[in-house]
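Here are my notes for you to read with the model open beside them. Take the points in order and find each residue as you go.

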Amino acid sequence: MSWDQMQELMWPATQETFQMVGVATVCTVLLGLPIGVLLVLTSKGGALQNQPVNKVLGAIVNLARSLPFIILMIALISFTRWLTGNSLGWQAATVPLTVGAIPFFARLVETSVREVDRGLIEAVQAMGGSTWTLVRKTLVPEALPGIVASVTTTVIALIGYSAMAGTVGGGGLGDLAYRYGYLRFETTFMWIIVAEIAIIVTVIQLAGDLAVRRLANRGRGGGRTRLLRPRATAPAPDEDLVVAS
């Protein structure tokens, strides 16, 4: 296979990979973020402490995380067909990708939110802040660097999942590597696809690390709760340096 033929195949497949990973990432963040925060709020000592709800939600998350992705895709074929009208293509692949990534991302968010300074949480509660205020102005902003790092990790995991989805008709680079690299023994073409995926993952990781560092330098998520921290006061002038008028 010539390089021109490879390029003609790789560009559409790369677009499909970006599309399925992009849609799945947005859906995962929109659904996984509140689940992760809720796991913290309903835990022991949380603002919405409720052990039964926390245990049930945690059990569902753990069960969903324990399912191998290839089995999850097969189990969701009927649901995927009902939701998207098809069980093949990148649009259909976004359904199992999202379902598989939500519990993974939720646990990462839970870990990040638990690291928020307990003193800040108690200060907001002592000032009469509601649970929504606590989440919006303290928990999420203060945990933002960790949440961004979690998004980066999730996107990279989704790229790996998308390659696996390609083996069952999900489209994208995984489908290309399977059809040409494995079924047609185009080994060189397969390694070129592997190299492209490695480059994409590296760029995403570097971009995520840069975003995390900038957010951390701004003061743990932009400093929305800096007003709750004591301000440094200027030292009193030395009396020996005060010149009488």
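The points below go from the whole chain to helix pairs, then to the cores and a few single residues.

1. Start with the big picture. What you have on screen is a predicted model, so treat it as a prediction throughout. The protein has 10 helices and 0 strands, and reading from the N terminus the elements go α-α-α-α-α-α-α-α-α-α. Of its 245 residues, 36% are buried.

2. Next, think about who touches whom along the chain. Take the contacts with a separation of 6 or more: 74% of them join residues 24 or more positions apart. You'll meet some examples of such pairs further down.

3. Now find helix H8, residues 144–165. Does its length add up, and what should its 22 residues span? At 1.5 Å a residue, the expected span is 32 Å, and the C-alpha atoms at its ends are 30 Å apart, so the two agree. Several residues of H8 are buried, including Pro145, Ile147, Thr152, Val155 and Ile159. Further along H8, Leu158, Ser162 and Ala165 are buried too.

4. How do H8 and H10 lie relative to each other, parallel or antiparallel? Helix H10 covers residues 187–217, and its axis is 8 Å from that of H8, at an angle of about 175°. Anything over 145 degrees counts as roughly antiparallel, and that is therefore how H8 and H10 are described. On the H8 side the contact includes Leu144, Val148, Thr152, Val155 and Ile159. On the H10 side, look for Ile197, Ile200, Val201, Ile204 and Gly208, among others. Sorted by type, the residues of this contact come out as 15 nonpolar, 3 polar and no charged.

5. Compare that with the pair H7 and H8. Helix H7 is residues 131–142, and its axis comes within 5 Å of the H8 axis, crossing at roughly 55°. That angle makes H7 oblique to H8. Val140, Pro141 and Glu142 of H7 meet Leu144, Pro145 and Ile147 of H8. Here the split is 5 nonpolar, no polar and 1 charged. Notice that Leu144 and Pro145 are also listed in the contact of H8 with H10.

6. On to the largest nonpolar core. Which of its 25 residues touch the most other members? They are Leu176 and Phe189. The elements giving two or more residues to this core are H1 (3–41), H3 (69–75), H5 (90–114), H8, H9 (172–182) and H10. H1 gives the most, with 6 residues. Apart from this core lies another one of 14 residues, with Val113, Val124, Ala143 and Ile147 among them.

7. Zoom in on Leu176. Setting aside residues up to four places away in sequence, Leu176 touches Leu9, Met10, Ala13, Gly181, Phe189 and Ile193. Now follow one of these, Ala13, which sits in helix H1. Ala13 is buried, because its relative accessible area is 5%, and buried means under 20%. Ala13 and Leu176 are 163 residues apart along the chain, yet their C-alpha atoms are separated by 7.0 Å. Beyond its neighbours within four places in sequence, Ala13 is also in contact with Gly172 and Leu173.

8. Helix H5 has two residues worth a click. Gly100 is in H5 and counts as buried at 11% relative accessibility. Its C-alpha atom is 9.5 Å from that of Ser66, and the two are 34 residues apart in sequence. Glu110 is found in H5 as well. Is Glu110 buried or exposed? At 9% relative accessibility, Glu110 counts as buried. Leaving out residues up to four places away in sequence, Glu110 touches Gly36, Leu39 and Val40.

9. Last stop: Tyr161, back in helix H8. Tyr161 has a relative accessible area of 24%, so it is partly exposed. Away from residues up to four places off in sequence, Tyr161 touches Phe69 and Leu97. The C-alpha atoms of Tyr161 and Pro96 are separated by 9.2 Å, with their positions 65 residues apart along the chain.

Notes:
Residues are numbered from 1 along each chain as its sequence is written. This is a predicted model: local features need pLDDT of at least 70, side-chain atom pairs count only at pLDDT 80 or more; totals for chains, interfaces and linings use all residues. Side-chain values use heavy atoms; hydrogens and water are left out. Axes are lines fitted to C-alpha atoms, for helices over the stretch in contact, and angles run from 0 to 180 degrees between N-to-C directions. Helices (H or I, at least four residues) and strands (E, at least two) are DSSP runs, numbered from the N terminus. Angles under 35 degrees count as roughly parallel, over 145 as roughly antiparallel, 65 to 115 as roughly perpendicular and the rest as oblique. Contact means heavy atoms within 4.5 Å. Ala, Val, Leu, Ile, Met, Phe, Trp, Tyr, Cys and Pro count as nonpolar, Asp, Glu, Lys and Arg as charged, and the others, Gly among them, as polar. The expected span of a helix is 1.5 Å times one less than its number of residues. Buried means under 20% relative accessible area, exposed over 50%, partly exposed in between (1.4 Å probe, protein chains only). A nonpolar core is a set of buried Ala, Val, Leu, Ile, Met, Phe, Trp, Tyr and Cys residues joined through side-chain atoms within 4.5 Å.
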